[in-house]
Amino acid sequence: MASVGRQHGLGGMRAADRHGRKAARRWRHDGSEARWARSDLRLRRILSMAFAPLFTAGGTLFVLLALRADDQGTPSRALCMVLAAVCFLMAGVALLDLYVIKRRSREQQRWHHDT
């Protein structure tokens, strides 16, 4: 039984196990990274406040273009609607980010941390 254990040392490991060990070494924390790393909330707030209305206006413009598009026109009605949906989705992401920023700012104020 002891000889079986010696045969299956690191050299006898399955390839998936060896790969898993390499990945674990690669992502090991050595203390040089920031402990509580967060992105710059002020910059995120500025970008979200700038792009939320921009994407909303773009989505509205694409909806209006889709309503005016005829069957032979370029761009097509379907393309305009897809672009409008993407713009409204991105505006929603920017608004969601503003909510997250507000929540994190309150949390930092609660614990007396700088933003």
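The following legends describe an overview and several close-up views of a predicted model.

**Figure 1. Overall architecture of the predicted protein chain**. The protein chain contains four helices and zero strands. Read along the sequence, its elements follow the pattern α-α-α-α. Of the 115 residues in the protein chain, 16% are buried. The accessible surface amounts to about 9800 Å², and carbon and sulfur atoms account for 62% of that surface. Among contacts between residues at least 6 apart in sequence, 67% join residues at least 24 apart.

**Figure 2. Close-up of Asp97 and its contacts**. Asp97 belongs to helix α4, which spans residues 77-110. With a relative accessible area of 18%, Asp97 falls under the 20% limit and is therefore classed as buried. Leaving aside residues up to four places away in sequence, Asp97 touches Arg44 and Ser48. With Ser48 there is also a polar contact, formed between the side chains of the two residues at 3.0 Å.

**Figure 3. Close-up of Gly58 and Phe88**. Gly58 is part of helix α3, which comprises residues 41-68. The relative accessible area of Gly58 is 18%, so this residue counts as buried. Although Gly58 and Phe88 are 30 residues apart along the chain, their C-alpha atoms are separated by 8.2 Å.

**Figure 4. Close-up of the cysteines Cys80 and Cys87**. Cys80 has a relative accessible area of 2% and is buried. Cys87 also counts as buried, at 11% relative accessibility. Both values lie under 20%, the limit that defines a buried residue. A search of the whole structure for disulfides finds zero.

**Figure 5. Close-up of a nonpolar surface patch that includes Met90**. The patch is made by Val82, Val86, Leu89, Met90 and Val93, and covers about 430 Å². One of these residues, Met90, is found in helix α4. Met90 has a relative accessible area of 35% and is classed as partly exposed, because this value lies between the 20% limit for buried residues and the 50% limit for exposed ones. Asp97, shown in Figure 2, is likewise located in helix α4, but is buried, with a relative accessible area of 18%.

Notes
Residues are numbered from 1 along each chain as its sequence is written. This is a predicted model: local features need pLDDT of at least 70, side-chain atom pairs count only at pLDDT 80 or more; totals for chains, interfaces and linings use all residues. Side-chain values use heavy atoms; hydrogens and water are left out. Buried means under 20% relative accessible area, exposed over 50%, partly exposed in between (1.4 Å probe, protein chains only). A polar contact is a pair of N or O atoms within 3.5 Å; within protein, one must be able to donate a hydrogen and the other to accept it, and residues adjacent in sequence count only if both atoms are side-chain atoms. Contact means heavy atoms within 4.5 Å. A disulfide is a pair of cysteine sulfur atoms within 2.5 Å. Patches are made of residues with over 30% relative accessible area and no salt bridge: like charges are joined within 9 Å, nonpolar side chains (Val, Leu, Ile, Met, Phe, Trp, Tyr) within 5 Å. Accessible areas come from the Shrake-Rupley method with a 1.4 Å probe; for residues, only the protein chains shown count as cover. A salt bridge is a side-chain nitrogen of Lys or Arg within 4 Å of a carboxyl oxygen of Asp or Glu.
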